[in-house]
Amino acid sequence: MTGNDTRFTDPIEEHRALLDTESRIAIAGHPLHAMLVAFPIALTLSVLGADLLYWWTADAFWTQVAGWAAFGAFLMGVIAGITGTVELLVVRGIRNRSASWTHFILAVMLLSLIGANWAFRIGQPEEAVLPLGLMLSFVAAGLTAVTGWHGGKLVFDYRIGTKPPDDLS
Ligand code: HEM
């Protein structure tokens with residue numbers, strides 16, 4: 001941009017190094033974050049399923065399932081979050097894209113919600129379900145869908161975590 005020229009420029013076009021978005025936290029080029037996120041996604045949806053089954057059957061077994069699934073969702077979510085955060089901080093092309101930070105904010109809100117949904121059930125697995133536990137599970141499932149969809153957008157739309165084609169690197 002020069003003088004009175006007010007056209008916007010694309011920083012990624014000007015700084016080719018920002019095209020480097022390749023995952024570093026990976027095994028043989030396969031990103032660990034992508035492998036790990038399946039666990040919090042599946043377990044968060046399982047908590048909702050178990051809560052609904054408890055509401056339907058009044059069988060306390062489902063409150064045990066929900067409690068353990070909530071614990072697993074939080075634990076695996078934090079581990080997946082750590083791999084994602086290291087990637088975000090270490091890889092220049094990832095941390096320079098605002099979409100990565102949007103995903104981070106969504107994910108931290110989600111992990112707080114999953115953690116609350118687990119902690120709230122400790123010592124009162126049955127009493128916790130109706131209505132607050134079930135409501136937390138619904139919101140957590142919705143936010144999981146949004147965060148997971150947005151993570152996919154990072155990879156498939158912005159090519160974050162992928163290797164740039166040879167002619168661009
Ligand atoms: C807490 C901080 C988190 C950060 C900083 C983060 C960051 C990232 C980054 C940088 C990517 C691009 C791929 C890569 O480089 O590995 C990604 C992809 C993804 N993230 Fe996260 N993430 C976080 C947590 C989560 C959580 C809790 C979920 C669970 C819903 C999630 C779901 C996804 C999904 C589904 C993808 C696409 C994976 C693929 O299709 O390859 N992320 N994330």
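How many nonpolar, polar and charged residues does the shell around the ligand have? The shell has 16 nonpolar, 14 polar and 1 charged residues, where Ala, Val, Leu, Ile, Met, Phe, Trp, Tyr, Cys and Pro count as nonpolar, Asp, Glu, Lys and Arg as charged, and the others, Gly among them, as polar.

The model is predicted: local features need pLDDT of at least 70, side-chain atom pairs count only at pLDDT 80 or more, and totals for chains, interfaces and linings use all residues. Residue numbers run from 1 along each chain as its sequence is written.

Select the ligand. Around it stand 31 residues, each with its C-beta atom, placed from the backbone, within 6 Å of the ligand. The closest are Gly81, Gly84, Ala107, Gly151 and Gly161. Two or more shell residues come from each of helix 2 (32-36), helix 3, helix 4, helix 6 and helix 7; helices are DSSP runs (H or I, at least four residues), numbered from the N terminus.

Next, select helix 6, residues 98-119. Ala107 belongs to its buried residues, as do Ser100, His103 and Ile114, among others; buried requires 20 or more other C-beta atoms within 10 Å of the residue's own, and exposed 12 or fewer. Viewed down the axis, the buried residues fall within an arc of 165° (taken from the directions from the helix axis to the C-beta atoms), so they line one face of helix 6. On the other side, Ser98 and Ile105 are exposed.

Finally, select Val47. Its contacts (C-beta atoms within 7 Å) include Ala66, Ala69, Ala70 and Ala73, leaving aside residues up to four places away in sequence.

Methods:
Expected span 1.5 Å × (residues − 1). Contact = placed C-beta atoms within 7 Å.
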